[in-house]
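Hi,

Here is the structure I said I would pass on. Have a look at it first, and then read on for my notes.

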Amino acid sequence: MKHMTYPFSWSPIIDLFWHKILGRPYRLNVTRHSLGQPDHIVVFLHGLGSSQSMWSKTLERLENIEAITVDLLGCGLSPRPIHIRYTT
């Protein structure tokens, strides 16, 4: 399992400047899971208000794939926008 997490603990002023004024995108929490000898790559996206952890039992049963799980914006370990109204 390889974590590619980009956690930010920015103040609201820096968040406003970086994301709203400069238009920089937020980075999502993405994890790659190599299961056996991968034949295929599968991307797992969670539902509303959940996180990539919902796929843990599914991933335990799979083999010979490379799985990519993603925490969508504002969910799990991905950042929640501060400068806009955002709820999940």
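How many aromatic pairs does a search of the whole structure find? The search turns up one. Before I go into it, please keep in mind that this is a predicted model.

The aromatic pair is made by Phe44 and Trp55, with ring centres 5.0 Å apart and planes at 55 degrees. An angle over 60 would have counted as edge-to-face and one under 30 as stacked, so this pair goes down as tilted. Phe44 belongs to strand E3 (residues 40–45), while Trp55 is in the loop between E3 and helix H2 (56–61), so the pair ties together parts 11 residues apart in sequence. Phe44 is buried, at a relative accessible area of 10%.

Now the overall layout. The protein has two helices and four strands, and along the sequence they follow the pattern β-α-β-β-α-β. There are 88 residues, and 28% of them count as buried. The accessible surface is about 6,300 Å², with 58% of that belonging to carbon and sulfur atoms. If you take the contacts between residues at least 6 apart in sequence, 69% of them join residues at least 24 apart.

On to the charged side chains. How many salt bridges does the same kind of search of the whole structure find? Again the result is one. The partners are Arg32 and Glu66, and their closest N and O atoms are 2.4 Å apart. This salt bridge links distant parts of the chain: Arg32 is in strand E2 (residues 29–35) and Glu66 in strand E4, 34 residues apart. Are the two partners buried or exposed? Arg32 is partly exposed, with a relative accessible area of 31%. Glu66 has a relative accessibility of 14%, under the 20% limit, so Glu66 counts as buried.

Trp18 is another residue to click on. You will find Trp18 in helix H1 (residues 12–21). What sits over the ring of Trp18? That is the charged end of Arg24, 5.3 Å from the ring centre. With a relative accessible area of 31%, Trp18 is partly exposed. Trp18 is also one of the residues in a nonpolar patch on the surface, along with Ile14, Leu16, Phe17, Ile21 and Leu22. Together they have about 540 Å² of accessible area.

Last, the segment after strand E4 (65–71), which is where Pro79 is found. Pro79 counts as buried, at 17% relative accessibility. Which residues is Pro79 in contact with, leaving aside its neighbours within four places in sequence? The answer is Tyr26, Arg27, Leu73 and Gly74. Pro79 and Leu28 are 51 residues apart along the chain, yet their C-alpha atoms are separated by 7.0 Å.

Leu73, one of those contacts of Pro79, is found in the segment after E4 as well. Leu73 is partly exposed, with a relative accessible area of 24%. From Leu73 to Arg27 the C-alpha to C-alpha distance is 8.2 Å, with their positions 46 residues apart in sequence.

Cheers

Conventions:
Residues are numbered from 1 along each chain as its sequence is written. This is a predicted model: local features need pLDDT of at least 70, side-chain atom pairs count only at pLDDT 80 or more; totals for chains, interfaces and linings use all residues. Side-chain values use heavy atoms; hydrogens and water are left out. Rings of Phe, Tyr and Trp (its six-membered ring) pair if their centres lie within 6.5 Å; planes under 30 degrees apart count as stacked, over 60 as edge-to-face and the rest as tilted. Buried means under 20% relative accessible area, exposed over 50%, partly exposed in between (1.4 Å probe, protein chains only). A charge sits over a ring if NZ of Lys or CZ of Arg is within 6 Å of the ring centre and within 35 degrees of the ring normal. Patches are made of residues with over 30% relative accessible area and no salt bridge: like charges are joined within 9 Å, nonpolar side chains (Val, Leu, Ile, Met, Phe, Trp, Tyr) within 5 Å. Accessible areas come from the Shrake-Rupley method with a 1.4 Å probe; for residues, only the protein chains shown count as cover. A salt bridge is a side-chain nitrogen of Lys or Arg within 4 Å of a carboxyl oxygen of Asp or Glu. Contact means heavy atoms within 4.5 Å.
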